[in-house]
Amino acid sequence: MLRNFANFVDGLLAHNEFGVLEKGLATEATHNDDYKRFEFKIRKNVPWVTYDGTQYEAVVNGVKTKQYVKPSDWITSAKTILTAQRASSLEYFISDFIKGGAEYFYYTDLMYKIATDNTYRKKYDGKLDAQAKYINDQIKANKENAYNSWYAENPVEAEDLEGIKNLSRLGIKANDEEGTLTYELIQKAFYFPTLLTYSCYLPVNKYFLDDVGWTAFGTENDKILYNGPFLFTEDGDN
């Protein structure tokens with residue numbers, strides 16, 4: 001991933017020259033009284049563009065469609081970061097804070113092992129109760145902070161697996177029509193907005209990610225979509 005990625009993609013918030021958080025793509029930012037729920041209104045009509053400044057068009061339902069930043073782009077980003085086999089070094093920035101983040105991470109971990117390891121396939125394939133137990137055990141062993149908060153009262157059950165798979169249990173909700181994005185946290189975190197300046201909380205366009213593939217995404221100037229103040233027009237080490 002390019003070191004200057006944040007110069008090319010704007011996020012919800014940004015630090016100004018004095019280190020103070022200001023709204024970026026968020027036009028409104030609110031939280032509830034216990035700092036467990038943060039909601040943002042997303043700026044409208046912000047285009048996704050390629051490295052040469054051309055607005056990106058994706059084929060949607062058979063029709064080429066100009067792409068603009070929308071709330072669901074943050075879900076695409078979170079899903080990419082939380083997919084275990086992609087081995088993101090910033091995964092914990094989401095899974096340690098967002099409801100359902102840790103369980104999705106270990107669900108994808110298990111699904112990958114079932115697909116690639118015969119031992120796991122024999123033990124877990126089609127066995128929903130065993131899959132749920134695996135996820136709970138992994139969270140308890142590796143995510144102590146998360147386990148002792150929301151997950152202590154909301155352990156994964158077999159009937160939850162479909163909701164984990166389709167992200168309906170993930171505490172990130174996007175309404176593209178209303179232009180709203182909501183984060184639901186596993187515990188109180190008044191400092192949560194400071195995390196939103198990290199690359200794992202930047203938006204990602206689903207169609208472009210599918211086009212270039214996640215292994216190539218962000219590795220070269222033409223493997224990034226831009227919505228920020230700068231374009232990376234020339235590849236090189238400098």
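Q: With contact meaning heavy atoms within 4.5 Å, which residues does Lys143 touch once those up to four places away in sequence are not counted?
A: In this predicted model, the partners of Lys143 are Glu91, Tyr92, Ser95, Asp96, Ala102, Tyr106 and Gln138. As for its place, Lys143 sits in the loop between α6 and α7 (144-147).

Q: Why is Lys143 called buried?
A: The label needs a relative accessible area under 20%. Lys143 has 7%, so it is buried.

Q: What makes the pairing of the Lys143 and Glu91 side chains a polar contact?
A: The cut-off for N or O atoms is 3.5 Å, and these two side chains are joined at 2.8 Å. Lys143 has another such link, again at 2.8 Å, to the side chain of Ser95.

Q: Why are α4 and α6 called oblique to each other?
A: Start with how such a pair gets described: two packed helices are given an angle between their axes and a distance between the axes. For α4 (residues 101-116) and α6 (residues 128-142), the axes come within 9 Å and cross at roughly 125 degrees. Roughly perpendicular covers 65 to 115 degrees, and roughly antiparallel needs over 145. The angle fits neither band, so α4 and α6 end up oblique. As for the hand, α4 passes α6 in a right-handed crossing.

Q: Which residues of α4 and α6 meet?
A: From α4 come Ala102, Glu103, Tyr106, Tyr107, Asp109, Leu110, Met111, Lys113 and Ile114, and they face Gln131, Tyr134, Ile135, Gln138, Ile139 and Asn142 in α6. Sorted by class, that contact has nine nonpolar, three polar and three charged residues.

Q: How do you know that α2 is largely enclosed by the rest of the structure?
A: Count its buried residues. Helix α2 (residues 72-82) has 11 residues and nine of them are buried, so the description holds. The buried set is Asp73, Trp74, Ile75, Thr76, Ser77, Ala78, Thr80, Ile81 and Leu82. Their cover includes β4 (37-42), α3 (91-95), α4, β7 (172-175), β8 (180-184) and α11 (206-212).

Q: What makes Thr76 buried?
A: Its relative accessible area is 15%, and buried means under 20%. Thr76 belongs to α2. Beyond four places in sequence, it touches Val204, Asn205, Lys206 and Leu209.

Q: Why does Thr80 count as buried too?
A: Here the relative accessible area is 18%. That is still under 20%, so the buried label applies. Thr80 is also an α2 residue. Its contacts, leaving aside neighbours within four places, are Arg86 and Leu209. Thr80 and Glu153 are 73 residues apart in sequence, and their C-alpha atoms are 27 Å apart.

Q: How do you know that Phe93 is buried?
A: Set its 10% relative accessible area against the 20% limit: it falls under, so Phe93 is buried. It lies in helix α3. Outside its four-place neighbourhood it contacts Leu195, Tyr198, Cys200 and Tyr201. One of those partners, Cys200, is 107 residues away in sequence but 7.6 Å away in space, C-alpha to C-alpha.

Q: Why is Tyr120 called partly exposed?
A: Buried stops at 20% and exposed starts over 50%. Tyr120, at 24%, sits between them, so it is partly exposed. It is part of helix α5 (residues 118-124). Not counting residues up to four places away, it touches Leu110, Lys113, Ile114, Asp125 and Tyr134. From Tyr120 to Gly179 it is 59 residues along the sequence and 41 Å from C-alpha to C-alpha.

Q: What is phi of Tyr35, and why is Tyr35 partly exposed?
A: Most residues other than glycine have a negative phi. Tyr35 has a positive one, near 55 degrees. On exposure, 26% falls between the 20% and 50% limits, so partly exposed is the right term. Tyr35 is in the loop between β3 (26-31) and β4.

Q: What makes Ala87 exposed?
A: Exposed asks for over 50%, and Ala87 reaches 62% relative accessibility, so it qualifies. Its place is the loop between α2 and α3. Ala87 also has a positive phi, near 50 degrees, in a residue other than glycine.

Key
Residues numbered from 1 in each chain as written. Predicted model: local features only at pLDDT ≥ 70, side-chain atom pairs only at ≥ 80, totals over all residues. Heavy atoms only, no water. Axes fitted to C-alpha atoms, helices over the stretch in contact; angles between N-to-C directions. Helix = DSSP H or I, 4+ residues; strand = E, 2+ residues; numbered from the N terminus. Parallel < 35°, antiparallel > 145°, perpendicular 65-115°, else oblique. Left-handed = near helix turned anticlockwise from the far one by under 90°. Contact = heavy atoms within 4.5 Å. Nonpolar A, V, L, I, M, F, W, Y, C, P; charged D, E, K, R; others polar. Buried < 20%, exposed > 50% of the residue type's maximum accessible area, 1.4 Å probe, protein only. Polar contact = N/O pair within 3.5 Å; in protein donor to acceptor, adjacent residues only side chain to side chain.
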